[in-house]
Structure formats: C-alpha cells, structure tokens
Amino acid sequence: MGVLDHVSEYFDCSSHGSSKRHKSLQTVDVRVLIDCEGCERKVRRALERMKGVRDVTIEANAQKVTVVGYVEPNRVVARIIHRTGKRAELYPFVPYDVVAHPYASGVYDNRAPVGYVRNTEYDPHVSRLARASSTEVRYTTAFSDENASGCVIM
C-alpha cells in the first residue's frame, strides 16, 4: 500500500466518513432445535427482521436453518439465541460422503441427522484416522470387510 492510498483514505468523499468495508453475500448454516411450527415461526421471524438477510430456509427434520444475506455468522447465532431463547450453534455436520472415514471416532455422531456426520476438517480434537493420509488409508482398508481379496486369512 503506497502513500497515495493512505492519503486518499482521508479525502474520500464517497464513503461519507465510514471506513467499514461492505460485507459479502454469504450462506450461514445454523443448528437450532425446532420442535413445532411455532418454534419454526419464531426463528423465521427473528431472522427475517435482521438487517442484511435476503432469504431464510428452515429444515425442521435436520434441525438446520440456512440464512443467505450480507450477515456475519456469529451475529446470526447471537440473534437466534437472544430473540428466541433457543440454543444455537453453527451447523457442524456435512454429508457423510464428504468425509474420508465417516465412522471413525469423533466423526460419527448419534445426534446428527440421517446421512450426516461431524465436519472434522479443521477440528484438532478428532481422531487422526478421520484425517488419515493416503498411506494410512491403504493400511486401514487392507483388512476391511469390503476388500475381500485383501486378507487371505479371512
């Protein structure tokens, strides 16, 4: 960043004094316990009145709320907690075919909706098998039930 960039920030009339950058359009998935239509209506109303929200989609079976708009994920979660009194967190589940080892410890979760497992890509508390390298995958699948020619003892 050059000197001209620093000086132009002080003389820029287009932003009317605010130096905040505009938020980008993003999709935020939040996990919320939704028991009935009343809960669904309460969550929808709280989010639709939020500034920057363009669309709200609720999947009650998956306990998932998808918000599209110019919003920050932490503010969406805080808004749900504050307005509805429900416990909310960023959606921690992904489809099971996305994860290399969906049944490794720390990945498989009984509370996950059908067909989903916990996202382990950036979680350091999950077992190493969930993030196994190609060499580890080769050794662990050698004795798998699906690999009939892998072990002659079986």
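**Cysteines, a helix and a sheet**

Okay, let's start with a cysteine: Cys 36 has a relative accessibility of 42%, so it counts as partly exposed. To be clear about that word, buried is under 20% relative accessible area, exposed is over 50%, and partly exposed is in between, using a 1.4 Å probe and protein chains only.

Before I go on, what you see is a predicted model, in which local features need pLDDT of at least 70 and side-chain atom pairs count only at pLDDT 80 or more, while totals for chains, interfaces and linings use all residues. Residues are numbered from 1 along each chain as its sequence is written, and side-chain values use heavy atoms, with hydrogens and water left out.

Back to the cysteines. How many disulfides does a search of the whole structure find? Zero, where a disulfide is a pair of cysteine sulfur atoms within 2.5 Å. The closest cysteine sulfur to that of Cys 36 is in Cys 39, and it sits 3.6 Å away, which is too far for a bond. Cys 39 is in no disulfide either, since its nearest cysteine sulfur, 3.6 Å off, is the one in Cys 36. Unlike its partly exposed neighbour, Cys 39 counts as buried because its relative accessibility is 14%.

Let's zoom out for a second. There are 154 residues in the protein, and 31% of them count as buried. You get four helices and six strands; these are DSSP runs numbered from the N terminus, H or I with at least four residues for a helix, E with at least two for a strand. Along the sequence the pattern reads α-β-α-β-β-α-β-β-β-α. Take the contacts between residues at least 6 apart in sequence: 50% join residues at least 24 apart. Contact here means heavy atoms within 4.5 Å.

Now the sheet. Which order do the four strands of the open sheet take? They go 2-3-1-4, and the pairing is antiparallel. Two strands pair if DSSP finds at least two bridges between them. Strand 2 and strand 4 (88-90) are at the edges with a single partner strand each, so each has one side without a neighbour in the sheet. From one strand to the next, the twist averages 25°. Angles run from 0 to 180 degrees between N-to-C directions, with axes as lines fitted to C-alpha atoms, for helices over the stretch in contact.

Going through the pairs: strand 1 and strand 3 share six bridges, and Thr 27 has Val 68 in strand 3 as its bridge partner. Strand 2 and strand 3 also pair over six bridges, with Glu 59 partnered by Lys 64. Strand 3 is mostly covered, with five of its six residues buried. Strand 1 pairs with strand 4 over three bridges, and there Val 32 stands opposite Ala 88.

On this sheet packs helix 2, which touches strand 1, strand 2 and strand 3 and makes about 165° with the direction of strand 2. Helix 3, for its part, lies across strand 1, strand 3 and strand 4, at about 35° to strand 1.

Helix 2 itself covers residues 37-48, and its 12 residues reach 16 Å from first C-alpha to last, close to the expected 16 Å; that expectation is 1.5 Å times one less than the number of residues. Which residues of helix 2 are buried? Cys 39, Val 43, Ala 46 and Leu 47. They fall in an arc of only 95° around the axis, which means they sit on the same side of helix 2; the arc is taken from the directions from the helix axis to the C-beta atoms. In general, an α-helix has 3.6 residues a turn, so residues three or four places apart point the same way. The cover over those buried residues includes strand 1 (26-32), strand 2 (53-59), strand 3 (64-69) and helix 3 (73-84).

One backbone oddity to finish. Strand 2 and strand 3 form a hairpin with four residues between them, and Gln 63 in that loop has a positive phi of about 55° without being a glycine. Most residues other than glycine have a negative phi. Is Gln 63 buried or exposed? Buried, at 18% relative accessible area. Among the residues touching Gln 63 is Arg 31, which belongs to strand 1 and is also buried, at 17%.
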